[in-house]
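Q: Got a minute to go through this one with me? I'd like to start with the empty space inside and then look at some helix packing.

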Amino acid sequence: MAVAPQDAIEQVSALMDQVDEPLKRTFQNMHQGYPTATLGRFLKAREWSVAKAHKMLMDCLDWRIQNHIDDILTKPIIPAELYRGVRDSQLIGLSGYSNEGLPVFAIGVGLSTLDKASVNYYVQSHIQINEYRDRVILPAATKKYGRYIGTCVKVLDMTGLKLSALSHIKLLTIISTVDDLNYPEKTDTYYVVNAPYVFSACWKVVKPLLQERTRRKVQVLQGCGRNELLKIMDYSSLPHFCRRENFGSSRVSSAGADVYSLDHPFHQQLYNYIKEQALSQEYVSLLKQGSFHIDVPGADTEGTNIVEALESELHKIGGHVGLTHQLNGLPINDA
């Protein structure tokens with residue numbers, strides 16, 4: 001049964017006071033000095049049910065301990081050439097900040113090939129970006145803007161989205177599950193731009209599956225979305241694929257910097273941070289090629305339901321014609 005927000009937070013907080021020290025330590029790494037806001041995220045994700053939110057949080061803390069998530073920023077993906085391949089095929093970057101100080105992440109959904117490494121490396125990289133966002137980017141934004149900033153904005157570029165996206169369903173399911181269960185309510189708004197027909201068809205299927213609070217977060221913008229996005233951010237923070245008046249995307253912005261590339265300042269800072277943390281934690285002898293395996297529990301989450309619906313719809317659209325990639329096209333255990 002749901003209760004008033006403040007009462008719910010106080011109840012979950014009281015329950016957290018009773019947990020063992022290892023759980024308290026990983027919770028501290030999560031909340032970064034803002035436990036109330038963190039408890040609020042988990043409660044919001046479970047419609048303010050104290051029992052459900054508490055279970056979700058405890059499962060998350062157990063997952064963090066079992067998978068050594070607190071140490072994941074000491075585990076660089078090496079050699080650098082391998083990590084460059086991950087960055088060139090899993091397109092995400094920090095393009096700037098909104099007028100309210102929220103980090104703006106640009107994501108090349110349609111052009112991500114996810115074919116340069118095993119699934120484990122992509123999952124590792126995704127979690128590292130999540131953790132770097134939560135432990136470094138958001139605290140820095142909070143300090144800069146003088147108020148708590150705990151969420152981000154994501155701009156999803158659908159340029160190039162094709163039926164071959166079916167080959168990524170398994171990986172997308174894993175990443176969606178990780179985020180749904182362990183990083184709830186971290187995105188303030190999802191802006192979808194450059195949407196082709198295949199997205200429009202899938203959106204009609206996905207939208208009814210979304211919870212109302214999630215549905216309100218998703219805004220499908222016309223074309224590249226430039227005019228709408230300029231209402232919430234400066235031009236300098238606008239993702240490169242939103243700066244063009246005509247339909248389409250480019251990997252390079254007008255300033256000449258590829259926001260997705262390992263050479264971009266954000267990714268250089270992230271990668272150097274991880275390597276420095278590895279050295280400071282005396283992991284030098286452990287630095288060798290090999291992914292950081294993450295266990296992902298099977299769960300019937302909103303995200304997995306959406307991915308399954310997308311898979312079904314893409315099959316319908318394609319009529320099984322021209323789909324050269326199979327669902328098992330990405331290796332999971334060959335790290």
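Q: How many nonpolar, polar and charged residues are in the lining of the largest cavity?
A: Bear in mind that this is a predicted model. By class, the lining has six charged residues, along with two polar and two nonpolar ones.

Q: Which residues line the largest cavity?
A: The lining is made up of Asn29, Met30, Arg41, Arg64, Glu131, Asp134, Arg135, Asn182, Tyr183 and Lys186.

Q: And which elements give two or more residues to that lining?
A: Those are helix H2 (21–31) and helix H6 (119–145). H6 gives the most, with three residues.

Q: What volume does the largest cavity have?
A: About 70 Å³.

Q: How many cavities of 30 Å³ or more does the structure hold?
A: Just one.

Q: OK, switching to helices. At what angle do the axes of H3 and H4 cross?
A: Roughly 115 degrees, and the axes come within 8 Å. H3 covers residues 35–45 and H4 covers residues 50–66.

Q: Is that crossing left-handed or right-handed?
A: The H3 and H4 crossing is right-handed.

Q: Which residues meet there?
A: From H3 you have Leu39, Phe42, Leu43 and Ala45. On the H4 side they meet Val50, Ala53, Met56, Leu57 and Cys60.

Q: How do the residues of that contact divide into nonpolar, polar and charged?
A: Nine nonpolar, no polar and no charged in the contact of H3 with H4. For the cavity lining, remember, the count was two nonpolar, two polar and six charged.

Methods. Residues are numbered from 1 along each chain as its sequence is written. This is a predicted model: local features need pLDDT of at least 70, side-chain atom pairs count only at pLDDT 80 or more; totals for chains, interfaces and linings use all residues. Side-chain values use heavy atoms; hydrogens and water are left out. Axes are lines fitted to C-alpha atoms, for helices over the stretch in contact, and angles run from 0 to 180 degrees between N-to-C directions. Helices (H or I, at least four residues) and strands (E, at least two) are DSSP runs, numbered from the N terminus. A crossing is left-handed if the near helix is turned anticlockwise from the far one by less than a right angle, and right-handed if clockwise. Contact means heavy atoms within 4.5 Å. Ala, Val, Leu, Ile, Met, Phe, Trp, Tyr, Cys and Pro count as nonpolar, Asp, Glu, Lys and Arg as charged, and the others, Gly among them, as polar. On a 1 Å grid over the protein atoms alone, a cavity is a set of points where a 1.4 Å probe fits but cannot get out, and a pocket is an open set with protein on both sides within 12 Å along at least five of seven lines; lining residues have an atom within 4 Å of a point. Grid points are joined across faces, edges and corners, and a volume is the space filled by probe spheres set on the points.
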